[in-house]
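Thank you all for coming; I would like to take a few minutes to walk through one structure with you. Please have a look at the sequence and the model first, and then we can go through some of its features together.

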Amino acid sequence: MLTCIIKYEIDPTKHDQFRQYARNWGQAIPRCGADLIGYFAPHEGSSTLAYGIYNIPSLAAYEEYRARLAEDPLGRENYAFAQSGKFLLREERTFLKLASTPHGAAT
């Protein structure tokens with residue numbers, strides 16, 4: 001299992017647009033095959049950093065998921081919304097693998 005963490009730099013004056021973008025992905029991402037953990041908007045501290053986090057079985061599954069997302073009506077609409085709204089200034093994806101298992105005390 002891989003965890004994709006998307007780090008966004010967003011326009012600090014457009015938090016409402018980012019929140020709408022996040023809500024849209026909250027519907028489209030699970031429908032297209034990824035296990036969405038969530039989208040996180042600025043609250044305290046930095047007013048420009050936001051994150052999207054989801055799990056995907058493999059990089060091959062990620063490619064299939066991205067193709068489905070590109071064909072999804074809400075996915076296409078959300079891509080266009082981000083382009084027209086210009087609230088995303090930068091986007092960076094990192095794929096991580098959980099290294100801390102098993103969790104808890106050793107037996």
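Let me start with the largest pocket, which in this predicted model has a volume of about 200 Å³. Which residues come closest to the centre of that pocket? Of the 17 that line the largest pocket, they are Y21, Y79, A82, L88 and E91. The lining draws on several elements of the chain, since β1, α1, α2, α3, which covers 73-85, and β4, which covers 88-96, each supply at least two residues.

Two of those central residues, Y21 and Y79, turn up again when we look at the aromatic rings, where ring pairs link Y8, F18, Y21, W25, Y39, Y79, F81 and F87 into a cluster. Over the whole structure, the search finds 13 aromatic pairs. One of them is formed by Y8 and F18, with 5.4 Å from centre to centre and 65° between the planes, which is an edge-to-face arrangement. Because Y8 sits in strand β1, residues 2-10, while F18 sits in helix α1, residues 15-32, this pair ties together parts that are 10 residues apart in sequence. As for their surroundings, Y8 and F18 are both buried.

A further pair is that of Y54 and Y65, whose ring centres are 5.3 Å apart and whose planes meet at 50°, so the pair is classed as tilted. Here, too, distant parts of the chain are linked, with Y54 in strand β3, residues 49-56, and Y65 in helix α2, residues 59-71, 11 residues apart. Are these two tyrosines, Y54 and Y65, buried or exposed? Y54 has a relative accessibility of 1% and therefore counts as buried, and Y65 is likewise buried, with a relative accessible area of 1%.

Y54 also leads us to T3, a residue of strand β1. If we leave aside the neighbours within four places in sequence, T3 is in contact with I53, Y54, N55, T94, F95 and L96. With N55 there is a polar contact between the two side chains, at 2.5 Å. With F95, the point to notice is the separation along the chain, because T3 and F95 are 92 residues apart in sequence, and yet their C-alpha atoms are separated by 5.5 Å.Finally, the charged side chains. Side chains of opposite charge can pair when their charged atoms come close, and the search of the whole structure finds four salt bridges. One of these joins R19 to D16, with the closest N and O atoms 3.8 Å apart. Both R19 and D16 belong to helix α1, where they are three residues apart, or about one turn of the helix. R19 counts as partly exposed at 31% relative accessibility, whereas D16, at 59%, counts as exposed.

Another salt bridge brings together the side chains of R90 and E92, at 3.4 Å from N to O, and E92 is partly exposed, with a relative accessible area of 33%. E91, which we met at the pocket, forms a salt bridge with R93 at 2.7 Å, N to O. E91 is partly exposed at 37% relative accessible area, and R93 is partly exposed at 30%.

Note on methods
Residues are numbered from 1 along each chain as its sequence is written. This is a predicted model: local features need pLDDT of at least 70, side-chain atom pairs count only at pLDDT 80 or more; totals for chains, interfaces and linings use all residues. Side-chain values use heavy atoms; hydrogens and water are left out. Rings of Phe, Tyr and Trp (its six-membered ring) pair if their centres lie within 6.5 Å; planes under 30 degrees apart count as stacked, over 60 as edge-to-face and the rest as tilted. Helices (H or I, at least four residues) and strands (E, at least two) are DSSP runs, numbered from the N terminus. Buried means under 20% relative accessible area, exposed over 50%, partly exposed in between (1.4 Å probe, protein chains only). Contact means heavy atoms within 4.5 Å. A polar contact is a pair of N or O atoms within 3.5 Å; within protein, one must be able to donate a hydrogen and the other to accept it, and residues adjacent in sequence count only if both atoms are side-chain atoms. On a 1 Å grid over the protein atoms alone, a cavity is a set of points where a 1.4 Å probe fits but cannot get out, and a pocket is an open set with protein on both sides within 12 Å along at least five of seven lines; lining residues have an atom within 4 Å of a point. Grid points are joined across faces, edges and corners, and a volume is the space filled by probe spheres set on the points.
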